[in-house]
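Me: Could you take a close look with me at one part of this structure? I'm a first-year student, so please explain the terms as you go.

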Amino acid sequence: MKSNYVIFRVGDNDFGIEIQYVISIEKVTEITCLPQMPDYIKGITNIRGQMKGVIDAATLLFNQSIEIDESTRFLLLDIHQSDIALMVSKTNEILSIDEAEIKPIDSINATSEIFKGVALIDNRMISILNIEKLFSTLDALETVSAVHLG
């Protein structure tokens, strides 16, 4: 069975999120920092008149920050009825991937559960994220996703 995935880049790595979680893809706008938040929470931003928490995918996955440029995008995600802006280096692709093409990752460490597996598509390795597992493990996420100022 095939599913559609939004493919995005963080550094030199490709990742996929099931399209059902993606509300929209937005250009990066100004981010207002919030004090005493974990490093991966960059702050809040205004997307179409609504304040959304911003998570830096590079900090979350690699302990590095995304350098914002003209390719940087927000993936507006709906996770557990919370809208969250995931900041990624680049995204411009939706792929239909057969579930049989997604190979499981051996349990190398505890973080392997945040991945559904890896798909090899046209000589590219795409890590498929289990986005619900990933976000359920984050501290302070409920605080930042509760910000709705308009």
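Reply: Happy to! Let's start where β3 and β7 run side by side: the two strands pair in the antiparallel sense, over five bridges. Strands (E, at least two residues) and helices (H or I, at least four residues) are DSSP runs numbered from the N terminus, and two strands pair if DSSP finds at least two bridges between them. One of the residues to find here is I25, whose bridge partner in β7 is L75.

Before going on, a word about what you are looking at. This is a predicted model, in which local features need pLDDT of at least 70 and side-chain atom pairs count only at pLDDT 80 or more, while totals for chains, interfaces and linings use all residues. Residues are numbered from 1 along each chain as its sequence is written, and side-chain values use heavy atoms, with hydrogens and water left out.

Now step back to the sheet. β3 and β7 belong to an open sheet of six strands with mixed pairing, in the order β3-β7-β8-β6-β5-β4. Its edge strands are β3 and β4 (31–32), each pairing on one side only. The whole protein chain has three helices and 12 strands.

On β7, look at R73. This residue sits in strand β7 (residues 73–79). R73 is buried but has no salt bridge, and D69, the nearest side chain of opposite charge, is 6.8 Å away. Three terms need explaining here. Buried means under 20% relative accessible area, exposed means over 50%, and partly exposed is in between (1.4 Å probe, protein chains only). For charge, Lys and Arg count as positive and Asp and Glu as negative, while His and the chain ends are not counted. A salt bridge is a side-chain nitrogen of Lys or Arg within 4 Å of a carboxyl oxygen of Asp or Glu.

What does R73 have around it, then? A polar atom of its side chain lies 2.9 Å from the backbone oxygen of E70. Leaving aside neighbours within four places in sequence, R73 is in contact (heavy atoms within 4.5 Å) with I25, E26, K27, V28, L86, M87, V88 and T91.

One of those contacts, E26, leads us to a charged pair. E26 forms a salt bridge with R48, and their closest N and O atoms are 2.6 Å apart. E26 lies in strand β3 (residues 22–27) and R48 in the loop between β5 (41–47) and β6 (50–56), so the pair ties together parts that are 22 residues apart in sequence. The two partners make a nice contrast: E26 counts as buried at 13% relative accessibility, whereas R48 is exposed, with a relative accessible area of 67%.

Elsewhere in the sheet, D83 and K52 meet through their side chains in a salt bridge (3.0 Å, N to O). This pair also links distant parts of the chain, with D83 in strand β8 (residues 82–88) and K52 in strand β6, 31 residues apart. K52 counts as buried, at 3% relative accessibility. Altogether the structure holds six salt bridges.

Another of them joins E93 and R124, with 3.0 Å between the closest N and O atoms. Here E93 is in strand β9 (residues 90–98) and R124 in strand β12 (residues 124–129), again linking distant parts of the chain, 31 residues apart. Salt bridges that share partners join R9, D14, E93 and R124 into one network.

Finally, a look at the rings. The structure holds two aromatic pairs. Rings of Phe, Tyr and Trp (its six-membered ring) pair if their centres lie within 6.5 Å, and planes under 30 degrees apart count as stacked, over 60 as edge-to-face and the rest as tilted. F8 and F15 are stacked, at 5.7 Å centre to centre with 20° between the planes. F8 is buried at 1% relative accessibility, and F15 is buried at 4%. F15 and F62 form a tilted pair, at 6.1 Å centre to centre with 55° between the planes. Since F15 lies in strand β2 (residues 13–18) and F62 in helix α1 (residues 57–62), this pair ties together parts that are 47 residues apart in sequence. F62 counts as partly exposed, at 33% relative accessibility. Ring pairs thus link F8, F15 and F62 into a cluster.

Note on methods: A polar contact is a pair of N or O atoms within 3.5 Å; within protein, one must be able to donate a hydrogen and the other to accept it, and residues adjacent in sequence count only if both atoms are side-chain atoms.
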